[in-house]
Amino acid sequence: MLTRVRTRKSTSSQMHNSPPTVLHVIPGLHTGGAEHRLAALVTAKRKQLFSQVIVDLRGSTASDSTLTDGIRAAGIPVHQFGGHMALDLPIILLRLCGLIRQVRPVAIQSWLYYADL
């Protein structure tokens, strides 16, 4: 079934020919298979067709992992929301909505089912 997609007005970043952004949402950037695949994907040594932004739902600057440090060293922004309890979910959702409005990604990729907000 075909659906009509509404096009949005071009933002200032699109007017300056910056690459489109992909927002990656993951529950945490600690040891694990999905976490390592995400880090490998965004830090790969190849021409990047997209600007990458990562949201770590549970991470905080106090608990930076080696993966977080490596991703930041590659110039990829990592936003850590520091959610650890179910009570944090409303605040996490508000922060995520604000970041989506700010970044205006062309795609949002969630990693692991915990990130499927």
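This briefing describes the strands of one protein structure, how they pair, and what lies on the surface beside them. The structure is a predicted model, and the statements below should be read with that in mind. Its central feature is an open sheet of four strands, arranged in the order 3-2-1-4 with parallel pairing. Strand 3 and strand 4 are the edge strands, since each of them pairs on one side only, and the twist from one strand to the next averages 20°.

**How the strands pair**

- Strand 1, which covers residues 21-26, runs parallel to strand 2 and is joined to it by six bridges.
- Within that pairing, Val25 stands opposite Val55 of strand 2, and Ile26 stands opposite Asp56 of the same strand 2.
- Strand 2 also pairs in the parallel sense with strand 3, residues 78-80, over three bridges, and here Val55 has His79 of strand 3 as its bridge partner.
- Val55 can therefore be followed across two pairings, being opposite Val25 of strand 1 and bridged to His79 in strand 3, while strand 2 itself is largely enclosed by the rest of the structure.
- Strand 1 pairs with strand 4 as well, again in the parallel sense, and this pairing comprises four bridges.
- Two positions illustrate the pairing with strand 4: Val22 stands opposite Ala107, and His24 has Gln109 as its bridge partner.

**The connection between strand 1 and strand 2**

- Strand 1, helix 2 (residues 33-43) and strand 2 together make a β-α-β unit, and this unit is right-handed.
- Val22 and Ile54 are separated by 32 residues in the sequence, yet their C-alpha atoms are 8.5 Å apart in space.

**What is covered**

- Strand 1 is mostly covered, with six of its six residues buried.
- The residues of strand 1 point in two directions, with Thr21, Leu23 and Val25 facing one way and Val22, His24 and Ile26 facing the other way, and all of them are buried.
- Val22, which is found in strand 1, has a relative accessible area of 12%, and because this is under the 20% limit, Val22 counts as buried.
- In strand 2, residues 51-56, five of the six residues are buried, so this strand is largely enclosed by the rest of the structure.

**What reaches the surface**

- Leu49, Phe50 and Val106 form a nonpolar patch on the surface, and their accessible area together is about 290 Å².
- Val106, one of the residues of this patch, is found in the loop between helix 4 (89-103) and strand 4 (107-110).
- Val106 has a relative accessible area of 49%, which lies between the 20% limit for buried residues and the 50% limit for exposed ones, so Val106 is classed as partly exposed.

Terms used:
Residues are numbered from 1 along each chain as its sequence is written. This is a predicted model: local features need pLDDT of at least 70, side-chain atom pairs count only at pLDDT 80 or more; totals for chains, interfaces and linings use all residues. Side-chain values use heavy atoms; hydrogens and water are left out. Buried means under 20% relative accessible area, exposed over 50%, partly exposed in between (1.4 Å probe, protein chains only). Two strands pair if DSSP finds at least two bridges between them. A crossover is right-handed if, with the strands pointing away from the viewer, the path from the first strand over the helix to the second runs clockwise. Patches are made of residues with over 30% relative accessible area and no salt bridge: like charges are joined within 9 Å, nonpolar side chains (Val, Leu, Ile, Met, Phe, Trp, Tyr) within 5 Å. Accessible areas come from the Shrake-Rupley method with a 1.4 Å probe; for residues, only the protein chains shown count as cover. A salt bridge is a side-chain nitrogen of Lys or Arg within 4 Å of a carboxyl oxygen of Asp or Glu. Axes are lines fitted to C-alpha atoms, for helices over the stretch in contact, and angles run from 0 to 180 degrees between N-to-C directions.
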